[in-house]
Amino acid sequence: MAKAGGIARKLIKGLLLIGLVLAAMGLAGAWYVGAWNLIFPNTQHDTQAPSLPGELQEPAILVFSKTNGFRHREGIAGGLLALQGIANEHGWSIYSTENGAVFNRQQLGRFSAVVFLSATGDMLNEAQELAFRQWLEAGGSWLGIHAAGDGSHKGWSWYVENLIGAEFKAHILGPQFQVAKAEVEQRDHPAMRGLPVSWEHEEEWYSWEQSPRPHGFTILVTVDEDSYSPMIKGPGIERDLRMGDHPVVWSNCVGEGKTLYSALGHKAEAFEQTQHPQLLSSGLAWLLDDDQACESFAGPGPVSQ
């Protein structure tokens with residue numbers, strides 16, 4: 001028994017060492033996503049739909065935080081508290097779950113907006129993905145927060161192309177969390193209502209291989225790369241994560257639906273300061289307002305190559 005325990009400890013140490021090597025190299029988009037998914041892949045899909053509350057006051061918001069990849073425990077907990085407070089303030093209903101089987105035509109029809117709160121990995125089966133796509137394209141609305149835009153979603157090409165618009169590269173490391181200046185680009189967009197022109201925010205800043213701007217996404221907030229160190233730094237490794245054009249909040253029109261993504265929100269503290277909750281509140285208000293068509297606030301369209 002003792003021998004078996006020793007072997008198990010050595011195996012765990014070996015797996016952790018692999019994870020640290022991947023971390024230093026910045027492989028698979030984000031080191032934590034790549035290492036975790038390579039060592040502990042999880043493709044479990046829910047098949048039994050949850051029982052929804054009998055009464056959901058309109059508009060109702062579905063918050064989905066299933067993690068078949070890395071789990072941002074603090075960020076999810078802080079995000080749930082912030083979203084509940086926002087919903088209470090506006091008089092919206094909110095229902096949170098990690099059961100992917102809720103993505104069926106009947107139950108999705110009870111919601112006006114879906115939030116992916118740092119949901120990661122292969123979360124939904126093909127039927128559930130299709131149900132979500134059809135619901136969104138028919139006029140639904142989607143808000144993605146932080147890890148909803150990381151590299152763990154690359155197996156769902158429609159999602160990456162239409163909701164994120166860019167291939168995830170990595171996040172900063174060494175240090176992992178830094179204060180940087182966020183700058184509002186589209187001040188007249190309803191999702192930016194109540195925000196200052198710029199503000200200081202501490203975050204695990206994400207980088208992508210390219211900006212989603214050339215693909216027709218509307219860029220709402222960028223991060224000033226001169227205000228922090230957009231690098232991965234470690235023993236014997238230094239990787240530049242600068243993008244030049246570095247968005248962190250953007251929107252897109254998908255069929256008749258609206259989408260909004262915010263890369264902020266790794267830690268619970270990101271939901272406790274003033275600006276990010278204001279962004280989520282204004283963003284959800286825009287997503288839920290049927291009188292404000294997505295195209296009215298869209299960007300100039302794809303850049304010709």
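**A tour of the cross-links**

Select arginine 133 to begin: at 34% relative accessibility this residue counts as partly exposed, a class lying between buried (under 20% relative accessible area) and exposed (over 50%), computed with a 1.4 Å probe on protein chains only. The model is a predicted one, in which local features need pLDDT of at least 70 and side-chain atom pairs count only at pLDDT 80 or more, while totals for chains, interfaces and linings use all residues. Residues are numbered from 1 along each chain as its sequence is written, and side-chain values use heavy atoms, with hydrogens and water left out.

Add glutamate 137, which forms a salt bridge with arginine 133, the closest N and O atoms being 3.1 Å apart; the term requires a side-chain nitrogen of Lys or Arg within 4 Å of a carboxyl oxygen of Asp or Glu. Both residues sit in helix α5 (residues 126-137), four residues apart and so separated by about one helical turn, where helices (H or I, at least four residues) and strands (E, at least two) are DSSP runs numbered from the N terminus.

Next, select arginine 213 and glutamate 185, whose salt bridge has its closest N and O atoms 2.6 Å apart, and then add Asp245, since Glu185, Arg213 and Asp245 are linked in a network of salt bridges.

Finally, select cysteine 253 and cysteine 294, which form a disulfide with sulfur atoms 2.1 Å apart, the cut-off for such a pair being 2.5 Å or less. Cysteine 253 lies in strand β12 (residues 247-254) and cysteine 294 in the segment after α7 (275-288), so the pair ties together parts that are 41 residues apart in sequence.
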